[in-house]
Amino acid sequence: MTVRYRAAAGLAVLALAAPSSAAASPDRTPDTASAPAARAGAAARAAQAAQADEAARADEGAVRVLAISVDALNPTALQRLGHEGAPNLWRLVDEGAATLNARAQYELTITLPNHTSMVTGRRVAKRAGGHGVTWNDERPRSTVHRAAGERVRSVFSKIQAAGGSSALFSTKTKFRTFTRSWPRAIDRTVIRVGDDDALVRAARADLVGHDRALTFVHLGVADAAGHAHGFMSPDYLRAVEHADSLVGTLLSAIDTEPTLDRVVVVLTADHGGVGRDHSQVTQLGDYRIPFVVWGPGIEHGDLYEMNPTYVNPGRSRPRPVGPQPVRNSDLANLVTTLLGLGPVPGSQFDVRQRLRVGPGAG
Ligand SMILES: [Zn+2]
Ligand SMILES: [Zn+2]
């Protein structure tokens, strides 16, 4: 209980700091207004002070974040498997702040664009200030900056600027795009193609052995089974059970290692899946995903009930302007909020860091 109290107090401090963060336009499109020159000096000093403040808070190590993306986790699979088939995923939902009705990106429901949105907090469409990553394979010379036509910041670079460490674990080689884009910010990258078990062993050891601010783990087993046998097929459901057990491996580390008592888990997916595919952006089964936050200082509840500024989309597919549903791209600024940092520069989702997940945060 002391752990929960301590973390909740930390979040309360963050909530007090939140209003000073950069203002965003109400529709969460990029803030393009430029400050008058006369105020530039004061703004620079304020930015410097904010950065020092962020670094101090990052140093305190109030919270660490384990972000887990279960590739192609259709929330219907959780309903179908129930608590017996997916005890670990349900544990996160039952104890954490969660919704099984979050949304993937509006423009594309494929892997690399959606993960790029998760780590940058941006939408996909380059012309609308998005990251511009529209491809979905490993292209050895590609970077997010080149796709966007500008230098793009990420949750990794934000953490690096505050003196924190990040690690990336993935089952797909295209995730090297992130390491190429933010080589100094991602301190360790582990890719184990098609071997989720080995990947999670490595991630668990790293989590225990290193005091990182962010550990990002991407599990591919459910996506692979969905493409091979059909999403929601018995093989796919077995693969989700497998992913659930791997999440359990990470949770058991958190349960048993005293050094991991301040780890908050953020679990989501890049997209769902229907039939043998998940690229139909207008299909509910492709764009509906889970979004779950769990750990010390996190309140149990439905994210939409806890966040009246977010709109439960029902079965609809809201555009990425105006009132928003919870999206996988909220991950970036939820992570910065949990770590006591300001928003990722250039991000478009939850720029005001208002997604409330705990008693003190919002
Ligand atoms: Zn995917
Ligand atoms: Zn896929």
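Begin by selecting Thr249 in this predicted model, and look for the residues that Thr249 touches beyond four places away in sequence, which are Val200 and Arg204. Thr249 is found in helix H11, and because 14 other C-beta atoms lie within 10 Å, Thr249 counts as partly exposed. If you then add Asp197 to the selection, you can see that the C-alpha atoms of Thr249 and Asp197 are separated by 9.6 Å, although the two residues are 52 places apart along the chain.

Next, select helix H9, residues 196-209, whose 14 residues reach 20 Å from the first C-alpha to the last, close to the 20 Å expected at 1.5 Å a residue. Colour the buried residues of H9, which are Asp196, Leu199, Val200, Ala203, Arg204 and Leu207. Why do they lie on the same side of H9? They cover an arc of only 135° around the axis, and that places them on the same side of the helix. As a general point, an α-helix has 3.6 residues a turn, so residues three or four places apart point the same way. Turn the view to the face of H9 that points away from its buried side, and you will find the exposed residues Ala205 and Gly209 there. To see what covers the buried residues of H9, show, among other parts, strands S1, S3 (166-170), S4 (186-191) and S5 (214-219), together with helices H10 (221-229) and H11.

Now move to strand S6, residues 263-268, where six of the six residues are buried, so the strand is largely enclosed by the rest of the structure. Both faces of S6 are covered, with Val263, Val265 and Leu267 buried on one side and Val264, Val266 and Thr268 buried on the other. Show S1 (residues 64-70) beside S6, and you will see two strands that run parallel and are joined by six bridges, with Arg64 standing opposite Val263 in S6. Strand S7, residues 288-294, runs antiparallel to S6 and is joined to S6 by four bridges; in S7, Phe291 is the bridge partner of Thr268.

Finally, select the largest nonpolar core, which has 82 residues, and in which Val65, Ala222, Val266 and Val335 touch the most other members. Helix H11, residues 234-256, gives the most to this core, with 10 residues. A second, separate core has nine residues, including Ile110, Val124, Ala147 and Val152. Returning to Ala222, and leaving aside its neighbours within four places in sequence, you can pick out its contacts with Val70, Asp71, Ala72, Leu73, Tyr236, Ala239, Val240 and Ala243.

Note on methods:
Residues are numbered from 1 along each chain as its sequence is written. Chains are lettered from A and ligands numbered from 1 in the order in which they are written. This is a predicted model: local features need pLDDT of at least 70, side-chain atom pairs count only at pLDDT 80 or more; totals for chains, interfaces and linings use all residues. A nonpolar core is a set of buried Ala, Val, Leu, Ile, Met, Phe, Trp, Tyr and Cys residues joined through C-beta atoms within 7 Å. A residue is buried if 20 or more other C-beta atoms lie within 10 Å of its own, exposed if 12 or fewer, and partly exposed in between; C-beta atoms are placed from the backbone. Two residues are in contact if their C-beta atoms, placed from the backbone, lie within 7 Å. Two strands pair if DSSP finds at least two bridges between them. The expected span of a helix is 1.5 Å times one less than its number of residues. The arc is that of the directions from the helix axis to the C-beta atoms.
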